[in-house]
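Q: Could you take a close look at a single part of this model, covering what it pairs with and how well it is covered? Please then set that part against the chain as a whole.

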Amino acid sequence: MRERVTDALYGLGWSAVKTLPEPAARALGRTVADAAWRRRGKGVLRLEANLARVVPDAGPQRLRELSRAGMRSYLRYWMESFRLPAWSRERVRGGFDPADVHYLVDGLAAGNGVILALPHMANWDLAGAWVTTRLETPFTTVAEVLKPESLYRRFVAYREGLGMEVLPHTGAAAFGTLARRLRAGGLVCLVAERDLSAKGVEVDFFGERTRMPAGPALLAQQTGALLLPVTLWYDDSPVMKGRVHPPVEVPATDDRAARTRLMTQALADAYASGIAAHPEDWHMLQRLWLADLPPRGPAAGGTPAVQGPDGSAGAEGPGLPGTAGTGSSGTETA
């Protein structure tokens, strides 16, 4: 019953919100965000705990201000995502203004494939739609298989409608397909700053240990593709901003584990620079650092959970694709 209700609510959001005028959708998003923030649920408290690592000198009042701004940013993402399928190509092209996009353009022109790896910041779906419309470049990504299956199909159809190829998160099979796309000179995009499974690579992130997916680094090593970190943020305008960071180089060592660890740490450092500059646009309402995990560690399997638009727990929603074999594992209660 809960799964059916979750699916119905997402369907209602897509069908109703996309028909609203943009100012009305923004106002609705702020209203829902503020209501969730005032309720001080577990999702909001987790967001504040995460932001305390990002802004260590922030006092309680500053953290509350950041978490309120963070919830508004998060709901802006949801409102945009519900409306994105109805946006014109011109609206999508004008909705994102990335800096240093030449790294991506030049990488694609070289013909060796490109991997874009980014954290859960601002609206990663809008960034993907911009790539398929403005650069006219299709790409492949990976999504967790959700429960109920109808909700998974809904998210897949949504992303495919934006011009993305969406693979189910099925370990080696997905990894192999991604590698083939890259060897053919294609583009792969992965949201990749959270992997609490045993397969994750331990990195330092804002002074503490966490695990991030190994997939982006392994794909770059195996295919010769360019690995580019990307960070996103909002400002006071309707246009989302972003930055394509310099390529992560493959270290000159024969130790594959060491290469993977160093490259994943380089991704973490790039993410940290963007998150530190725009902490309110980092949508991490789940446990991330190892110190916050239960004593017995993360769950080995099961369907990941993500907060819905109101901060409550729901099935894995848009924006949480992991890379092959290294997805966002573990369950978080909002």
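A: Strand 2 (residues 114–118) and strand 8 run parallel to each other and pair over 4 bridges, where pairing requires at least two DSSP bridges between the strands. Within this parallel pairing, V114 is placed opposite L226 of strand 8. The model is a predicted one, in which local features need pLDDT of at least 70 and side-chain atom pairs count only at pLDDT 80 or more, while totals for chains, interfaces and linings use all residues. Residues are numbered from 1 along each chain as its sequence is written, and side-chain values use heavy atoms, leaving out hydrogens and water.

Strand 8 also pairs with strand 9 (residues 240–244), here in the antiparallel sense and again over 4 bridges. T231 has R243 in strand 9 as its bridge partner, and the two strands are joined by a hairpin that passes through 6 residues. Strand 8 itself, which spans residues 226–233, is mostly covered, with 7 of its 8 residues buried (under 20% relative accessible area, against over 50% for exposed and partly exposed in between, with a 1.4 Å probe and protein chains only).

Set against the whole protein, strand 8 is part of a secondary structure that comes to 11 helices and 11 strands (DSSP runs numbered from the N terminus, helices being H or I over at least four residues and strands E over at least two). Of the 334 residues in the protein, 57% are buried.

Aromatic side chains add a further view of the interior, as a search of the whole structure finds 9 aromatic pairs (Phe, Tyr or Trp rings, the six-membered one for Trp, with centres within 6.5 Å; planes under 30 degrees apart are stacked, over 60 edge-to-face, the rest tilted). One of them is the edge-to-face pair of F205 and W282, with 6.0 Å from centre to centre and 75° between the planes. Because F205 belongs to strand 6 (residues 201–205) while W282 sits in the loop between helix 11 (256–277) and strand 10 (305–307), this pair ties together parts that are 77 residues apart in sequence. F205 is buried at a relative accessible area of 1%, and W282 likewise counts as buried at 1%. W282 forms an edge-to-face pair with W289 as well, at 6.1 Å centre to centre and 80° between the planes, and both of these tryptophans are buried. Elsewhere in the chain, Y74, Y77, W78, F82 and W124 make up one aromatic cluster.
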